[in-house]
Amino acid sequence: MTAPTAGGDTNKSRSVAYKDKSKPADVRHSNINAAKAVSDAVRTSLGPRGMDKMIQAANGEVTITNDGATILKQMNVIHPAAKMLVELSRAQDVEAGDGTTTVVVVAGALLDAAEKLLHRGIHPTAISESFQRAAAHAVKILEDISTPIQLNNREQLIKSASTSLNSKVVFQQSSVLAPLAVDAVLKVVDPALEKAVDLSDIKVIKQLGGTVEDTELIEGLVFPHKVANVNGPKRIEKAKIGLIQFCISPPKTDMDHKVIVSDYAAMDRVLKEERAYILNIVKQIKKAGCNVLLIQKSILRDALSELAIHFLDKIKCMVVKDVERDDIEFVCKTLGCRPIASLDHFVSENLVTADLAEEIGIGGNRMVKITGAQNAGRTVTLLVRGSNKLVLDEADRSIHDALCVIRCLVRKKALIAGGGAPEVELALKLAALADTLEGIDAICLRSYAQALEVIPFTLAENAGLNPIQTVTELRNRHAKGEISSGINVRKGTISDILEENVVQPLLVTTSAITFATETVRSILKIDDIVNTFT
């Protein structure tokens, strides 16, 4: 009687073991599918002929863009593996600023290749290690085929900024925006720290009205609001500027205290005290010789009372109020000054001089512009114009990408061809390398090489060309030694991409391949998802 029971138990334990073995494969399959879905969502927006996405937020705000990082940031992604791809595009945005769509598309193609290898029974760790070696070889090949550049070669820098802008909504204005981006970055590059470019030194101000072509670069400061004066000066030459962090208004009581005034005499005394208090501050400002006053925005009380404006008008002092707390650092760096926190420190030594401070009208709006600061820092202001909010936001994102491309070239002074040329070259060189190897390594390396062809394939697909025919022709050209042959999306043919001025920084492609491979390796290593929801 006991024997069959034992057999039943054995079968039961076998089935439990069998179930456990299938679980890691199911989890891996689920992760790969989720990540591929994210990759497919942004794939159609790759390249100059890529489509744009219209994103509607919960509050009804609409964004039109084809920037991979922006699309993924706005998407409501729930699956943890899919979130890894969102993080991947963010990492690429931080590191290179461009290639955010490319990196996600490459990761999707590598996951597809990895899934096929898993079906062939190859262990995930073996695939992961082979992919890492393949990425290292790919970076080396890219460095070999890159062209070194000099930062004084402005024309080359403009070409690479134009390539970045060509896939954006504002591509028609790339001839205007690309030189602005190049000039802005070159002005803030510190010669002592050649490889460091801090993009926070380039302030981008968005102004509604006009067209994107009206965008301009201003060497100095721009405050996007009018002066606070009523009858005060609107233009001051040889300005003496003070940046204050205290308020020129009567002090208030604490939140839970009240001042009860019972008769007119007390009321008069309060008003007289207020007047004397403000007059004392204004006298100190005049004594220091200040004629342009910048006041930090205050939360608890008005930064400037009407009485103070009246007095400041009389001493002919231009006043700009509501300078944002976040902008204080930029203002200090631009003017070479320090913020003054109390009235005791408001002395002429703490003021800075500038050639001109004036109120200007741009597109129906009044703005304050300060130029020619005496010991100005390495900062510039980009005033971006646009006919509506959607165009303005997209122009801002496009200029950010162009600035990042120039920053990449400052950090790593090398260019490579665009238009899918480096990816096809990598695919051929890695496939040739795979032929010299044997075993699992060779199979994985060949799959990795084929996966990289997704970029030219997608470029051709989005441009309305026959992808298989185009990629095959591209392979033939590269096999003959034409390293810079790529897809000319504008003409719909394959041509020498360097002659068409389609170039991109080496750093964008190397970081895309490295980051995509790292993310794919992370996803492959996961064999279980443990929920800790309480």
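A salt bridge is a side-chain nitrogen of Lys or Arg within 4 Å of a carboxyl oxygen of Asp or Glu. The views below come from a predicted model.

**View 1. A salt bridge between helices H7 and H6.** The side chains of Asp183 and Arg154 meet at 2.9 Å, N to O, in a salt bridge. Asp183 belongs to helix H7 (residues 174–188) and Arg154 to helix H6 (residues 154–166), so the pair ties together parts 29 residues apart in sequence. Arg154 is partly exposed, its relative accessible area being 36%. The structure holds 27 salt bridges.

**View 2. Asp396 and Lys206 in a salt-bridge network.** A salt bridge of 3.8 Å, N to O, joins the side chains of Asp396 and Lys206. Because Asp396 lies in helix H11 (residues 389–411) and Lys206 in strand E4 (residues 202–208), this pair ties together parts that are 190 residues apart in sequence. Asp396 counts as partly exposed at 22% relative accessibility, and Lys206 counts as partly exposed at 39%. The network of salt bridges links these two residues with Glu61, Lys389 and Asp393.

**View 3. A salt bridge inside helix H15.** The side chains of Arg477 and Glu473 meet at 3.3 Å, N to O. The two residues are four apart in helix H15 (residues 467–479), so about one helical turn separates them. Both are partly exposed, with relative accessible areas of 21% for Arg477 and 33% for Glu473.

**View 4. A nonpolar patch on the surface.** Val259, Val261, Met267, Val270 and Leu271 form the patch, with about 410 Å² of accessible area together. Val259 lies in the loop between strand E7 (235–244) and helix H8 (264–288). With a relative accessibility of 61%, Val259 counts as exposed.

**View 5. Ser305 in a loop before helix H9.** The loop that holds Ser305 runs between strand E8 (292–296) and helix H9 (306–314). Ser305 counts as buried, at 13% relative accessibility. Apart from neighbours within four places in sequence, Ser305 is in contact with Ile248, Ser249, Pro250 and Ile278.

**View 6. Helix H12 and its buried residues.** Helix H12 (residues 421–436) has 16 residues. From first C-alpha to last, H12 reaches 24 Å, close to the 22 Å expected at 1.5 Å a residue. The buried residues of H12 include Val424, Leu426, Leu430 and Ala434, as well as the charged-type side chains Glu423 and Glu425.

Terms used
Residues are numbered from 1 along each chain as its sequence is written. This is a predicted model: local features need pLDDT of at least 70, side-chain atom pairs count only at pLDDT 80 or more; totals for chains, interfaces and linings use all residues. Side-chain values use heavy atoms; hydrogens and water are left out. Patches are made of residues with over 30% relative accessible area and no salt bridge: like charges are joined within 9 Å, nonpolar side chains (Val, Leu, Ile, Met, Phe, Trp, Tyr) within 5 Å. Accessible areas come from the Shrake-Rupley method with a 1.4 Å probe; for residues, only the protein chains shown count as cover. Buried means under 20% relative accessible area, exposed over 50%, partly exposed in between (1.4 Å probe, protein chains only). The expected span of a helix is 1.5 Å times one less than its number of residues. Contact means heavy atoms within 4.5 Å.
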